[in-house]
Amino acid sequence: MENGDHILQSYDQELEEIRSKALEMGGLVEKQVSNALQAVLERDVELGEHVASSDADINELEVEIDEECASIIARRQPAAGDLRLLLSIIKITTDLERIGDEAEQIGLYASQLGNHVSNQGMSAQLRHLGELAHSLLKLALDAFARMDDEQAMDVAKKSRRVSREFDDLSRILITHMMDDTRNIKNALRVIWCARAFERIGNHSTNICEFVIYRVKGKDIRHTSLKKIRKKLYPETLKDKKSDDE
Amino acid sequence: MSTEIADKNRDEFDIEILNTVGKPFIDKPEDIKMATRDCDVFYGDKQAIFGVDLDIGKNEIIAMIGPSGCGKSTYLRALNRMNDTIEICRVSGSLTLDGQDIYSKKQDPVLLRARVGMVFQKPNPFPKSIYDNVAYGARLHGLVSNKADLDDLVEASLTKAGLFKEVKDNLQKPGTGLSGGQQQRLCIARTIAVDPEVILMDEPTSALDPIATAIIEELMDELRHNYTIAIVTHSMQQAARISQRTAYFHLGKLVEVNATNDVFTNPEHQLTENYITGRFG
């Protein structure tokens, strides 16, 4: 249900301001992830170092948004959709901040990996995983910007692929390390990057869960996709059956 | 005639509110204290309440909220026939207390009001002593036979209303000399003294400061264990703080009834959402 304006216009302005700041934070985080991905795939040491040192704006925004949410809660006693919006923004910005931290880490590993030659299969697999995590983040932010719960559900579904990609990459890396123990140092860096991308995927799913909470008013964390569909989207159960199988 | 007016008014009614959403009914019959079905209230030709179906549970606080003129006070007053005092007011439908029709010809409204007491917006102690204010109903209904019992009843009622400690040395002083919050607790003590089963409260704290309000709210929470309480309030925060269920009225219709927690975090009806978030309806 979409809502009209508040009788108090300043309330609308304050909520809109917080929402824009959260979106701005999302934009910065997305840029960090995109740069981190590029740095690690293209072995761009300079870009990696840049990413590793560009987290401050994101952290500042997180604190600012939290303060403004606290202020609205104290002064306006938000209820219903407004309350859910603020709670979801508080939660989403926490996830965004953590995604920022993961990107920072990836930047750091990218700068350490440097121009070391790597195994082709490993590169391709890391690219898959990184691009998947990046695309999940973009879709999650888009769902948040438009409060599109159906897109949020799609992201939640796609996110299951992240773990599979991570497992595939782990297998390749283990073989690579067994081939030659000198590979271990860099293979570990790659696996840490992969772990960071996997977490970015998970945080993106969390963002989507809060989009669904805002729109539907139901907390769907720690619930299987099937149960969520049954509870919130019974109409999709029939047509989506084939997707799940 | 009455049905014609009802139908006419219903036709003109905004079609948005067709049925009450949420859970207006209580599953177990033994948990129901009062119930209304298809309750209409008219002031002359004007219909104020449209077909309200609602169960009020035992030992619960149910809050009735809604914009001014939505009919919540009218509905509340129908529950103890307070509207009987308004000549042009007419109530139809089924209204029951413990399954008994409260509008039946056999029902004495004075006895009904002893079982379903009421506390009003403005504290209205009688211009009598604190003691006599509390003793008034018991004397009227002949509930006690001697002075010692009456003393005990006055003390017990004032204690339950959380006022005894503050007034025990001044029981013969006029009730009107107390502070607003104390006067309201005196009125609650007066209501409790006749041993009611249901207490209706019509904006009981709107004339009180936040401390006096908090004391009354704390009192209501204690009273809930022995009584059923229905409260009309303009303060949504108050409804959120004290009630277990919340009923939202709009233009004479009962729009939504749900657990208070659900109403304030995830209301079912758009009109409820608009009202509690302060939006244009």
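Two residues count as in contact if their C-beta atoms, placed from the backbone, lie within 7 Å. Axes are lines fitted to C-alpha atoms, for helices over the stretch in contact, with angles from 0 to 180 degrees between N-to-C directions. The model is predicted: local features need pLDDT of at least 70, side-chain atom pairs count only at pLDDT 80 or more, and totals for chains, interfaces and linings use all residues. Residues are numbered from 1 along each chain as its sequence is written, with chains lettered from A and ligands numbered from 1 in the order in which they are written.

**Exercise 1. Work out the strand order of the open sheet in chain B, and find what lies across β7 and β8.**

Step 1. Get the elements: helices (H or I, at least four residues) and strands (E, at least two) are DSSP runs, numbered from the N terminus. Two strands pair if DSSP finds at least two bridges between them.

Step 2. Read across the seven strands of chain B: β1-β11-β10-β4-β9-β8-β7, with mixed pairing. The edges are β1 (21-22) and β7 (116-119), each paired on one side only.

Step 3. Zoom in on β10 (residues 245-250) and β11 (residues 253-259) of chain B: they run antiparallel, joined by six bridges. One of the partnerships here is A247(B) with V257(B).

Step 4. Now add the helix: α7 (residues 180-193) of chain B lies across β7 and β8 (198-202), at about 170° to β7(B).

**Exercise 2. Describe helix α4 of chain A: its span and its surroundings.**

Step 1. Take the 34 residues, 80-113: α4(A) reaches 49 Å from first C-alpha to last. That's close to the 50 Å expected at 1.5 Å a residue, where the expected span is 1.5 Å times one less than the number of residues.

Step 2. Count burial (buried: 20 or more other C-beta atoms within 10 Å of a residue's own, C-beta atoms being placed from the backbone). In α4(A), 24 of the 34 residues are buried, so the helix is largely enclosed by the rest of the structure.

Step 3. Look just past the end: G114(A) has a positive phi of about 55°.

**Exercise 3. Find what M64(B) touches beyond its sequence neighbours.**

Step 1. Set aside neighbours within four places in sequence.

Step 2. List the contacts of M64(B): K72(B), Y75(B), L76(B), A230(B), I231(B), V232(B), A247(B) and F249(B).

**Exercise 4. Find which helix of chain B gives the largest share of the side that touches chain A.**

Step 1. Tally the contact: 14 residues from chain B and 16 residues from chain A.

Step 2. Sort chain B's side: α9 (236-242), α10 (260-265) and α11 (270-276) each supply at least two residues. The largest share, four residues, comes from α11(B).

Methods
A residue is buried if 20 or more other C-beta atoms lie within 10 Å of its own, exposed if 12 or fewer, and partly exposed in between; C-beta atoms are placed from the backbone.
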